[in-house]
Amino acid sequence: MGFLEHISEICSFPSSHNKFKKKNQLQTVEIKVRMDCEGCERKVRKAVEGMKGVSSVEIEPKQHKVTVVGYVDPKKVIRRVAWKTGKKAEPWPYVPYDVVAHPYAPGAYDKKAPPGYVRNVVDDPAAAPLARASSTEVKYTTAFSDDNPNNCSVM
């Protein structure tokens, strides 16, 4: 411990007097908002771009997806879009099907999902047990090789 650190500890105020504001981290927030026309798209863009800390806004109207990058809180972005536009806004519920272990489990498959996406079952507590394999299932499925079906690793 150096001399300056020792002096700064002695001269510092109690922690109750030091109230520092917590800074937001750079985040990518994905939101699902129903947009039917260019007017809806413009309304959503205007609502999000007016927020403090927003770096960029990307809108994909065919997928009803809004991607916001910046130093923002995801809950505040969703509330702001819902309040300013009057539309239902929710977190983006889909992930690429490559990420999910069992993409066609009963809770993961969704007909409304864009092509190449399935529902994010890791965040959904009701569907998560259906989409996760138990340890015995994993043992049995990895015992046989896909390259050589006659080969068994149990032997």
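Me: Where is isoleucine 10 found?
Reply: Let's look it up in the model, which is a predicted one. Isoleucine 10 belongs to a helix that covers residues 3–11. That helix is α1.

Me: Is isoleucine 10 buried or exposed?
Reply: Its relative accessibility comes out at 55%. The cut-off for exposed is over 50%. So isoleucine 10 counts as exposed.

Me: What is the area of the nonpolar surface patch made by Phe3, Leu4, Ile7 and Ile10?
Reply: Ile10 is the residue we just met, sitting in helix α1. Along with Phe3, Leu4 and Ile7, Ile10 makes a nonpolar patch on the surface. The area of that patch is about 460 Å².

Me: OK, on to threonine 85. Is threonine 85 buried or exposed?
Reply: Threonine 85 lies in helix α3, residues 74–85. Its relative accessible area is 11%. Since buried means under 20%, threonine 85 is buried.

Me: Which backbone oxygen does the side chain of threonine 85 reach?
Reply: This side chain has a backbone nitrogen in reach, that of lysine 87, at 3.3 Å. It also reaches a backbone oxygen, at 2.4 Å. That oxygen belongs to valine 81.

Me: Leaving aside its neighbours within four places in sequence, what is threonine 85 in contact with?
Reply: Contact here means heavy atoms within 4.5 Å. With those sequence neighbours set aside, the residues in contact with threonine 85 are Lys43, Val44 and Ala47.

Me: And what separates the C-alpha atoms of proline 93 and isoleucine 31?
Reply: Proline 93 sits in the loop between β4 and β5, and it's buried at 14% relative accessible area. Along the chain, proline 93 and isoleucine 31 are 62 residues apart. Their C-alpha atoms are separated by 8.4 Å.

Terms used: Residues numbered from 1 in each chain as written. Predicted model: local features only at pLDDT ≥ 70, side-chain atom pairs only at ≥ 80, totals over all residues. Heavy atoms only, no water. Helix = DSSP H or I, 4+ residues; strand = E, 2+ residues; numbered from the N terminus. Buried < 20%, exposed > 50% of the residue type's maximum accessible area, 1.4 Å probe, protein only. Polar contact = N/O pair within 3.5 Å; in protein donor to acceptor, adjacent residues only side chain to side chain. Patch = residues over 30% accessible without salt bridge, like charges linked within 9 Å, V, L, I, M, F, W, Y side chains within 5 Å. Areas by Shrake-Rupley, 256 points an atom, 1.4 Å probe, with all protein chains shown as cover. Salt bridge = Lys/Arg side-chain N within 4 Å of Asp/Glu carboxyl O.
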